[in-house]
Amino acid sequence: MQKFKTLEIVQKTPNSGVFHLYLNRPSHRNALSRDFFSEFPKALASLDQNPDVNVVVLSGAGAHFCAGIDLTTLGSISDSTLSGSDRGRSGEKLRRDIKFLQDAVTSIERCRKPVIAAIHGACIGGGVDIVTACDVRFCTGDAFFSVKEVDLAITADLGTLQRLPAIVGYGHAMELALTGRRFSGSDAKDLGLVSRIFGSKEEMDRGVTLVAEGIASKSPLAVTGTKAVLLRSRDLTLDQGLDYVATWNSAMLVSDDLTEAISSHTQKRNPVFSKL
């Protein structure tokens, strides 16, 4: 398994299609360092290309999911920008830097395999950017969230302002982003940010594993297709979305997976699908 400074990949159960990706800087509350933004896309790409992986569970090591972007990372970006004598060139460099950070978060959506966020403790700033890019979100009862950037004199720029309105609604997203207020796991459930709350981290680990194993048992072609079509349809009109899925299924629908699904249903047995 590939080694990282800020992440850890674990397959907890042998022969399982569920792999766990941990934000692994527990002594820093998993704050996002510069190394994270380089390593995260590589880790997700490796999981995406691994035929043994069907589902990725993303969580944080230690007491918290993610405390946001590391302030030293912010400081290095600021210092690098201010050191330039040409404001235009400094601004262009800053834009490239922001796009680099954005790309790391977007790598969650580029991953063909579903990514489930299992959130406990703090999920602040950049942590919210990350979970809003995930496909499914669960949390513990003691989890808390904050779109914190406004309190650091920053306009959030890694995806929350673009993704959160589609999840919780425009009005809720505006209020959360403008106030930067802390909100609870129960609030997150009421808003639709998470699908389910668990009583403890141990309970969440068991519950998320059951959900992930259930998804992993399904046709890989159907699962990856569902993720791809939902993401693409988010930015399309209804007619365009219907046209897109018709084109997708014209290439993917008639497969060995379809034959196996029908056969196993008829024979009243669990289906066995080939790896993707």
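Is D86 buried, exposed or partly exposed? In this predicted model, D86 counts as partly exposed, because its relative accessibility is 32%, and that falls between the 20% below which a residue is called buried and the 50% above which it is called exposed. D86 doesn't sit there alone: its side chain forms a salt bridge with R89, and the closest N and O atoms are 2.7 Å apart. R89 itself is exposed, at a relative accessible area of 64%.

That pair is just one part of a bigger story, as the structure holds 16 salt bridges. Take R25 and D70, whose side chains meet with 3.1 Å from N to O. R25 comes from the loop between strand 2 (18-23) and helix 1 (34-49), while D70 comes from the loop between strand 3 (55-60) and helix 2 (71-82), so this salt bridge ties together parts that are 45 residues apart in sequence. Both R25 and D70 are buried.

Another salt bridge joins R112 to D48, at 2.8 Å from N to O. Here, too, distant parts of the chain are linked: R112 is in the loop between helix 3 (87-110) and strand 4 (115-119), D48 is in helix 1, and 64 residues separate them. With a relative accessible area of 33%, R112 is partly exposed, whereas D48 is buried, at 8%. Salt bridges can also join up into a network, as they do for E109, R163, R234 and D235.

Now for helix 11, which covers residues 256-267. A quick check on its length works out nicely: at 1.5 Å a residue, its twelve residues should span 16 Å, and the C-alpha atoms at its ends are indeed 16 Å apart. Which residues of helix 11 are buried? They are D257, E260 and S264. Looking down the helix axis, the buried residues fall within an arc of 60°, so they line one face of helix 11. The spacing makes sense, because an α-helix has 3.6 residues a turn and residues three or four places apart point the same way. Part of the cover over these buried residues comes from helix 9 (220-233).

Flip to the face of helix 11 turned away from its buried side, and the exposed residues T259, I262, H265 and T266 appear. I262 has a further role in the picture, as it belongs to a nonpolar patch on the surface together with L253, V254 and L258. Together, the residues of this patch have about 400 Å² of accessible area.

Key
Residues are numbered from 1 along each chain as its sequence is written. This is a predicted model: local features need pLDDT of at least 70, side-chain atom pairs count only at pLDDT 80 or more; totals for chains, interfaces and linings use all residues. Side-chain values use heavy atoms; hydrogens and water are left out. Patches are made of residues with over 30% relative accessible area and no salt bridge: like charges are joined within 9 Å, nonpolar side chains (Val, Leu, Ile, Met, Phe, Trp, Tyr) within 5 Å. Accessible areas come from the Shrake-Rupley method with a 1.4 Å probe; for residues, only the protein chains shown count as cover. A salt bridge is a side-chain nitrogen of Lys or Arg within 4 Å of a carboxyl oxygen of Asp or Glu. Helices (H or I, at least four residues) and strands (E, at least two) are DSSP runs, numbered from the N terminus. The expected span of a helix is 1.5 Å times one less than its number of residues. Buried means under 20% relative accessible area, exposed over 50%, partly exposed in between (1.4 Å probe, protein chains only). The arc is that of the directions from the helix axis to the C-beta atoms. Contact means heavy atoms within 4.5 Å.
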